[in-house]
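Reader: I have a sequence and its three-dimensional structure open before me, and I would like to go through them slowly. May I ask about them one part at a time?

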Amino acid sequence: MRRRRTPPPPSPLPQRDGIDAVRVRLPGEGAWATVREHLVERLGGAGPGVVDGMLAAGLVVGADGAAVAPDTAYVPGMFVWFHRELPAETPVPFPLEIVYRDEHIVVVDKPHFLATTPRGSHVTETALARLRRELGIPALGAAHRLDRLTAGLVLFTVRPEERGAYQTLFRDRRVRKVYEAVAPHDASREWPVTVRSRIVKERGVLAAREVPGEPNAVSHVEPVEHRADGRARYRLVPDTGQTHQLRVHMAALGVPILGDPLYPEVAAPVPAGDFRRPLQLLARELEFTDPVTGTEHRLRSGRVLEAWASYGSWFDGPAATTSAGVAQ
């Protein structure tokens with residue numbers, strides 16, 4: 001019989017800018033005499049003197065909230081907490097729109113360029129951190145994620161003890177997701193098309209790729225309407241959720257999504273603060289049965305993809321514009 005793991009104690013430090021304090025559990029085995037020695041080795045990438053400065057300022061605390069002294073003896077299994085010093089981030093100047101909210105979930109209409117959850121260089125400028133600050137819900141958590149460059153519907157949970165139930169909906173593919181995209185029109189192809197392929201995404205590599213093997217990604221693609229200038233508006237329904245799946249499949253069909261910096265070719269990075277030509281991909285609909293309340297939800301984004309509404313505005317727009325795909 002497997003023993004249940006004892007959950008870690010709650011953080012004694014409040015969130016800062018919607019970001020939790022870092023929790024470190026001291027390993028069960030090691031030759032460190034003090035907590036300081038372990039942290040210096042573990043956080044060596046932070047730079048010389050950083051750990052000593054944090055300890056001297058009382059910024060590292062134990063489970064009781066008391067500051068950890070530099071000479072505190074190393075105790076295997078001990079927890080300590082501290083806040084990272086975060087670099088300044090370029091604000092994403094587009095609003096989050098709340099589509100639905102009750103005591104269990106918050107569903108928002110995320111703009112392009114805003115990451116869903118803290119990751120890499122995007123920490124405070126993320127949907128999760130922003131919502132925690134704006135709504136005053138420190139326990140808010142994401143049930144799933146959208147790419148930073150993709151706009152549309154994202155579901156967040158209010159109560160940590162219920163998060164697993166909503167995450168299971170997405171894991172078990174019990175959420176019907178419909179996307180919309182703007183891409184070139186291919187009049188020579190018979191539509192609709194179902195794309196099945198095997199997609200792999202390697203750590204440290206920007207773009208995912210298709211490889212031979214058993215398919216792990218399935219997408220249904222059909223144009224809804226097209227225009228004489230060669231643009232089309234597509235309806236995309238994924239059966240699976242591989243990284244960049246819809247972007248990979250659209251490029252493989254020869255109709256890459258407008259504004260895609262990775263597919264079919266990786267483009268040069270743009271400067272921070274350049275919000276021109278957002279990826280024309282939108283998570284338009286979420287449909288699911290609430291696992292806690294039993295409510296049937298069918299939620300829809302109110303955004304308009306700018307390259308469809310006004311191609312010239314999308315192509316030539318300023319570096320930071322509040323339109324960015326939001327219906328005005």
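Reader: Which residue just after helix 5 takes a positive phi?

Author: This is a predicted model, in which local features need pLDDT of at least 70 and side-chain atom pairs count only at pLDDT 80 or more, while totals for chains, interfaces and linings use all residues. Residues are numbered from 1 along each chain as its sequence is written, and side-chain values use heavy atoms, with hydrogens and water left out. Helices (H or I, at least four residues) and strands (E, at least two) are DSSP runs numbered from the N terminus. Just after helix 5, a positive phi of about 85 degrees is taken by Gly254.

Reader: How many of the eight residues of helix 5 are buried?

Author: Buried means under 20% relative accessible area, whereas exposed means over 50% and partly exposed lies in between (1.4 Å probe, protein chains only). The buried residues of helix 5 are Gln245, Leu246, Arg247, Val248, His249, Met250 and Ala251, and what covers them includes strand 7, strand 8, strand 9 (209–211), strand 10 (217–226), strand 11 and strand 12. Helix 5 is therefore largely enclosed by the rest of the structure, the number of its eight residues that are buried being seven.

Reader: What is the relative accessible area of Arg247?

Author: Arg247 has its place in helix 5. Leaving aside neighbours within four places in sequence, Arg247 is in contact (heavy atoms within 4.5 Å) with Asp147, Leu149, Ile257, Asp260, Pro261, Leu262, Tyr263, Leu279 and Leu281. Arg247 counts as buried, and its relative accessible area is 3%.

Reader: Which element gives the largest share of the largest nonpolar core?

Author: A nonpolar core is a set of buried Ala, Val, Leu, Ile, Met, Phe, Trp, Tyr and Cys residues joined through side-chain atoms within 4.5 Å. The largest one here has 37 residues, and those with the most contacts inside it are Leu140, Phe156, Tyr234, Leu236, Met250 and Leu281. Among the elements that give two or more residues to this core are strand 4 (105–110), helix 3 (127–135), strand 6 (151–157) and helix 5 (245–252). The largest share, four residues, comes from helix 3.

Reader: Is Leu146 buried or exposed?

Author: Leu146 has its place in the loop between strand 5 (141–142) and strand 6. Leaving aside its neighbours within four places in sequence, Leu146 is in contact with Lys110, Thr116, Ala151, Gly152, Leu153, Val154, Tyr179 and Ala283. With a relative accessible area of 8%, Leu146 is buried.

Reader: In strand 10, which residue is the bridge partner of Thr194?

Author: Two strands pair if DSSP finds at least two bridges between them. Strand 8 pairs in the antiparallel sense with strand 10 over five bridges, and also in the antiparallel sense with strand 9 over three bridges. Thr194 belongs to the uncovered face of strand 8, along with Thr194's companions Arg196, Arg198 and Val200, while Val193, Val195, Ser197 and Ile199 make up the covered face. In strand 10, the bridge partner of Thr194 is His220.

Reader: Along strand 13, which residues point to one face and are buried?

Author: In a regular strand the side chains alternate between the two faces of the sheet. Strand 13 (residues 296–300) shows such an alternation, with Glu296, Arg298 and Arg300 pointing to one face and not buried. Strand 13 pairs with strand 12 in the antiparallel sense over five bridges, and Glu285 stands opposite Arg300. The residues of strand 13 that point to the other face and are buried are His297 and Leu299.

Reader: The charged end of which residue sits over the ring of Phe315?

Author: Rings of Phe, Tyr and Trp (its six-membered ring) pair if their centres lie within 6.5 Å, and planes under 30 degrees apart count as stacked, over 60 as edge-to-face and the rest as tilted. Tyr311 and Phe315 form a stacked pair, 5.9 Å centre to centre with 20 degrees between the planes, and both lie in helix 7 (residues 311–316), four residues apart. A charge sits over a ring if NZ of Lys or CZ of Arg is within 6 Å of the ring centre and within 35 degrees of the ring normal. Over the ring of Phe315, 3.9 Å from its centre, sits the charged end of Arg277.
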